[in-house]
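Welcome! Take a moment to look over the sequence and the fold, and then let us walk through a few places together.

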Amino acid sequence: MGSHLLNIWRRRLHTSSSRWQLFQTTTPTKRICIVGAGPAGFYSAQQLLKKLDDCVVDVLEKLPVPFGLVRFGVAPDHPEVKNVINTFTKTAEHPRLRYFGNVSLGEDVTLKDLRDRYHAVLLTYGADQDRELELENEQQGNVISARSFVAWYNGLPGAENLSPDLSGRDVTIVGQGNVAVDVARMLLSPLDTLKTTDTTEYALEALSRSQVERVHLVGRRGPLQAAFTIKELREMLKLPKVDIRWRSSDFSGIEEQLEKLQRPRKRLTELMLKSLKDQGRASGTGVKQFLPIFLRAPKAIAPSEMEFSVTELQQESAVATSATERLPSDLILRSIGYKSSCVDSGINFDARKGNVRNSEGRVLKDETSENVDPGLYVAGWLGTGPTGVILTTMSGAFAVAKNICDDIASKAIDTSTAKPGYEADDKRIITWDGWKRIDAYETESGKAKGKPREKIVNVEEMLRVAGA
């Protein structure tokens, strides 16, 4: 089927030639480069194109395919969240936007090159590393990051080789954010449910052989500080043949604090308390268990188990006591946060915090200065750290795009001289039409399996399908 599909999409007319001719025959006043084709990049581009009618925006993306976290981070059983791709596609097809896939900052092009070729450069390449527990034995094979596990079932190129060991009964997830809950849900969901999503075939095959029966979700602090949202908890409560087992001791004194809580936190806490009360009547009906555990801090990793310090809250901070608890842990997934990486020596990067030093999206000149570096910006998790949801990223990206427009209007950025923009030379780039061929190929491949798409997970295969 592969060669047949490829021939179909290769015969399709290329619609991008007129757009490329536009850039060759006109000289826009302002050229802006965005590095990273995830939510922050596309939301920023949307605003820039809307507010500046004489600018051209070039989007450079390391991978051949766009959409970043929406494609590779959003859970497969959350297709409604991926609908934002429709908005991003409209932006990408704007006549004043060019997409360059398979272009890596720091390898194929330097930041200095880009700054020479554009009036402004906006860095939005996200957070691709995870924070570690910093415990002995953390590098052993049964300890992996939730980020890597998510990338594995979502088809990020390179992650297909992860091979998580799902032969044991107990999985311990360290962290209680939405990513941690997503991973727990993927491990406990019925396989038939996942088969209708864009979960990769190799992940479905591995999950079909999974022996996992219990998933512990462990956090340092208490129920009032839980980082997951009510939507994620509701989904866990609805999973068929899964019992949720709360520890009543974790909720001591919680009900008395309900009236002091803000509405979102109050609703989430009320749902936890209701589930706690219901578990006495409903427990024992499931074949699998989801076990949220609060007030435990990671202490040590041993074969097939993990040791935690019992904590207590002091001014909302978790402080370890002398008491400990061991949990059976055939597989350990750490989910305690992401951090960005520095891909170019010209980036003013804070290695300790894992993000670019900036003031309201304007990159600072150096680590000791409060002065901004004119024409260089950052948005999304690369600038803020891994906080919030896609809506948060949208608001932040809009704000940074406004700052770019303001700086151009105030002449803080010199746009009086024409800039050439990126030139691919002999680099194998993916244009937006190339992505559309990949998209059509994946969608057609998925139809045969009753899935929305079957993702290509190999970069060379992507390049071949795109005709690069």
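In strand 20, which residue is the bridge partner of V121? The partner is L376. Keep in mind as you look that this is a predicted model. The pair belongs to a wider arrangement: strand 4 (residues 120-123) and strand 20 (residues 372-378) run parallel and are joined by 3 bridges.

Now step back to the sheet itself. It is an open sheet of 7 strands with mixed pairing, and the order is 3-2-1-4-20-19-18. At the edges stand strand 3 (97-101) and strand 18 (358-359). Each of these has a single partner strand, so one side of each is left without a neighbour in the sheet.

Next, let us turn to the nonpolar cores. The largest one has 48 residues, and I173, V183, L187 and L333 are the ones that touch the most other members. Helix 8 (residues 178-188) gives the most to this core, with 7 residues. To get a feel for the surroundings of I173, set aside its neighbours within four places in sequence: its contacts then include A180, V183, A184, V215 and L333. Another core, of 44 residues, lies apart from the largest one, and among its members are V59, A92, Y441 and V465.

Our last stop is T443, which you will find in helix 15 (residues 432-447). Is T443 buried or partly exposed? With a relative accessible area of 26%, T443 is partly exposed. Beyond its neighbours within four places in sequence, T443 is in contact with P452 and R453. G219, by contrast, is 224 residues from T443 in sequence and 39 Å away in space, C-alpha to C-alpha.

Definitions and conventions
Residues numbered from 1 in each chain as written. Predicted model: local features only at pLDDT ≥ 70, side-chain atom pairs only at ≥ 80, totals over all residues. Heavy atoms only, no water. Helix = DSSP H or I, 4+ residues; strand = E, 2+ residues; numbered from the N terminus. Buried < 20%, exposed > 50% of the residue type's maximum accessible area, 1.4 Å probe, protein only. Contact = heavy atoms within 4.5 Å. Pairing = 2+ DSSP bridges. Core = buried A, V, L, I, M, F, W, Y, C linked by side-chain atoms within 4.5 Å.
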